[in-house]
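Colleague: I'd like to go through this model with you one question at a time. Let's bring it up on the screen.

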Amino acid sequence: MDSVASLRPLLAVSLPAMAVLLVLASRGRPNLREGWTFLAAIATFLTVASMVPGALSETVYVTDLGTYATGLEFALRADPLGVLFGTLAGFLWIVTSSYSVGYMRGLNEHDQTRYFAAFAASIATAMGVAFAANLLTLFVFYELLSVATYPLVAHDESEEAIWAGRKYLIYTFGGGVAILAGTLIVLSLSGTTAFTPGGIAGLATSDPTLARVAFALLVAGFGVKAALMPFHSWLPDAMVAPTPVSALLHAVAVVKSGVFAIARVVLDVFGPEAVADLGVGIPLAAVAAVTLLVASVIALRQDHLKRRLAYSTVSQLSYIVLGLGLFHEYALVGALLHIPAHAFMKITLFFCAGAVHVETHTDYISEMGGIGRRMPLTMGAFTVAAAGMAGMPLLAGFVSKWFLVVGSVSIDAYVFAAVLLLSGILNVGYYWPVVSQAFFEGTDPDPKPLLEYPAGGSPKGGRTASETTPVPNGGSAAADLDARDGDHDATDKSAADRGAHGDHTGKADHGGHATGGWERRSPLTESTWFMLGPIVVAAVGAVALGVIPDRLVFLDLIQVIVENAMGVSL
């Protein structure tokens, strides 16, 4: 690859960082504040997109930020893998910004200026992760990403939200310690931490035992944000955040930065030969396979829609890690293609869940009987994205999973192919009840659409007063009970807050469920287009990646990445 000095990688990081200051300076002027958000999002995306032609021709754009006392270089480097992640994050920031306006204004949320500022900071650090030139730079931006997203996770400022934010920091900073340790071992073994296509020369042969330790530390550290088990539990608890934040966590920045960093370790730190010589690929794939299946089973038990989607994310991210562990060219194509595929599908699902919450204040699957009458476009888009997540043909999930299965079979790893197929069945199992409730159940919700309590749903007779008693670490006994049973409404802040916005248990506002059933609405009137527009765009993206993947830039970038890593021609 040819390296070219350029300020564009730095500009991609600086634009959203500057937006933080502009948003904060616009406090009290919401239209100006959100105008800065849109302007920065569009400018960031165009900056990253301008590097796509160069990345396809194997040109690498480098911004050297200096060498420090340690002798380590702090630099930004836009190669095909970084441009893949940066393009995805930049585009979806535009979409999520529009959705955020509709969501935050629709619920009249507090501290909206802080929200938009933290959102911009999160994108800035995610761009830093995308364009980091070495493990040191990646570590710095990876840790800053945790700091930037904490205010978003704890946005509600309830005891539960604050505890979820603290748990998020504990997990991610703990992972950071492992990353730093792994980085230091790599430096001691090879004398460099710079990302090199095919891996750093001599890393595996210098000291195989230490190299395996470094690989394990790096994968475990980055695996926290990638939600690999047993480091996953922060993610469902973080669903207490506003839904646009959930979309950010799951589809745009945080968890994608985890799997992206693991891809960097596998492709550009160790490389295919070292991964094979050290024998660490199959164990990595095995951990991913276990996570994939267990998270899918847990998802079946969730009655709260966002928690079900959260466990789905834990499962789906492991598709990517599994493909990276198998290290066959087709498996790598499937793994990397699943990054944008999952992003478009999962952001659609969260956007739909948030729209339902804003319009009807309904969050539980068991209370969504007939809600397709009230929100036909929203639930139609949900159905499309859910079908894609299950791997149905003509949708994004089918293409990426097809490559993963073919890659597994090509190296005779039939057990992993079977795991992938079984996961598709489980996907149908936990998405179909949502679709069935929305379109095929009566207008009165089915009280037992899934499993008997405590596996899912609420206890008969509601919660007793004793269940609201405060408990350590924030929340209440009811919250603790729900956390165990997978049924906690992470979006409810308080009874007073529900009263202010309407409560789906009584006569809800916005035409929500009442004793007479859901009000029938047309797609044009079911919600604001600040929210419906992003839902449509994301759903169309999920379809386009399934129908014409070869016409979209993602697959072209992935082909360049895999050919450079494996030394093959696709």
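Colleague: Let me start with a charged residue: what does R105 count as in terms of relative accessibility?
Modeller: This is a predicted model, in which local features need pLDDT of at least 70, side-chain atom pairs count only at pLDDT 80 or more, and totals for chains, interfaces and linings use all residues. Residues are numbered from 1 along each chain as its sequence is written, and side-chain values use heavy atoms, with hydrogens and water left out. Buried means under 20% relative accessible area, exposed over 50%, and partly exposed in between (1.4 Å probe, protein chains only). R105 has 39% relative accessibility, so R105 counts as partly exposed.

Colleague: And which side chain does R105 meet in a salt bridge?
Modeller: A salt bridge here is a side-chain nitrogen of Lys or Arg within 4 Å of a carboxyl oxygen of Asp or Glu. At 2.6 Å from N to O, R105 meets E34.

Colleague: How many residues apart along the chain are those two?
Modeller: Helices are DSSP runs (H or I, at least four residues), as are strands (E, at least two), numbered from the N terminus. E34 sits in helix α2 (residues 30-49) and R105 in helix α4 (residues 80-106), so this pair links distant parts of the chain. Their separation is 71 residues.

Colleague: Then is E34 itself buried or exposed?
Modeller: The relative accessibility of E34 is 5%. Because that falls under 20%, E34 counts as buried.

Colleague: Let's move to another salt bridge: which residue is the partner of R307?
Modeller: The closest N and O atoms of the pair are 3.6 Å apart. R307 is in helix α14, and its partner, 70 residues away, is in helix α10. R307 is buried at 5% relative accessibility, whereas the partner is partly exposed at 23%. That partner is D237.

Colleague: Which residues do salt bridges with shared partners join into one network?
Modeller: One link is the salt bridge between D79 and R77, at 2.9 Å from N to O. Both D79 and R77 are buried. The network as a whole consists of R77, D79, R264 and D268.

Colleague: Turning to the nonpolar side, which residues touch the most other members of the largest core?
Modeller: A nonpolar core is a set of buried Ala, Val, Leu, Ile, Met, Phe, Trp, Tyr and Cys residues joined through side-chain atoms within 4.5 Å. The largest has 181 residues, and the residues that touch the most other members are F131, F215, F222, F270 and F382.

Colleague: Which helix gives the largest share of this core?
Modeller: The largest share comes to 20 residues. The helix supplying them is α15.

Colleague: Which residues are in contact with F222, leaving aside its neighbours within four places in sequence?
Modeller: Contact means heavy atoms within 4.5 Å. F222 is one of the residues that touch the most other core members. Its partners beyond four places are L138, Y142, I179, G258, A261, I262 and V265.

Colleague: Y142 is on that list; which residue lies over the face of its ring?
Modeller: A charge sits over a ring if NZ of Lys or CZ of Arg is within 6 Å of the ring centre and within 35 degrees of the ring normal. At 3.8 Å from the ring centre of Y142, the residue is K225.

Colleague: How many aromatic pairs does a search of the whole structure find?
Modeller: Rings of Phe, Tyr and Trp (its six-membered ring) pair if their centres lie within 6.5 Å; planes under 30 degrees apart count as stacked, over 60 as edge-to-face and the rest as tilted. The search finds a total of 17.

Colleague: What arrangement do F382 and Y431 have?
Modeller: The ring centres of F382 and Y431 are 6.3 Å apart and the planes are at 70°, so the pair is edge-to-face. F382 lies in helix α17 and Y431 in helix α19 (residues 414-440), 49 residues apart. Both F382 and Y431 are buried. Their arrangement, then, is edge-to-face.

Colleague: Now for the backbone: which peptide bond is cis?
Modeller: P230 is in the loop between α9 (208-225) and α10 (234-237). The cis bond, with omega near 10°, is the one from M229 to P230.

Colleague: L394 has a positive phi although it is not a glycine; is L394 buried or exposed?
Modeller: L394 lies in the loop between α17 (376-389) and α18 (396-410), with phi of about 70°. Because its relative accessibility is 59%, L394 counts as exposed.
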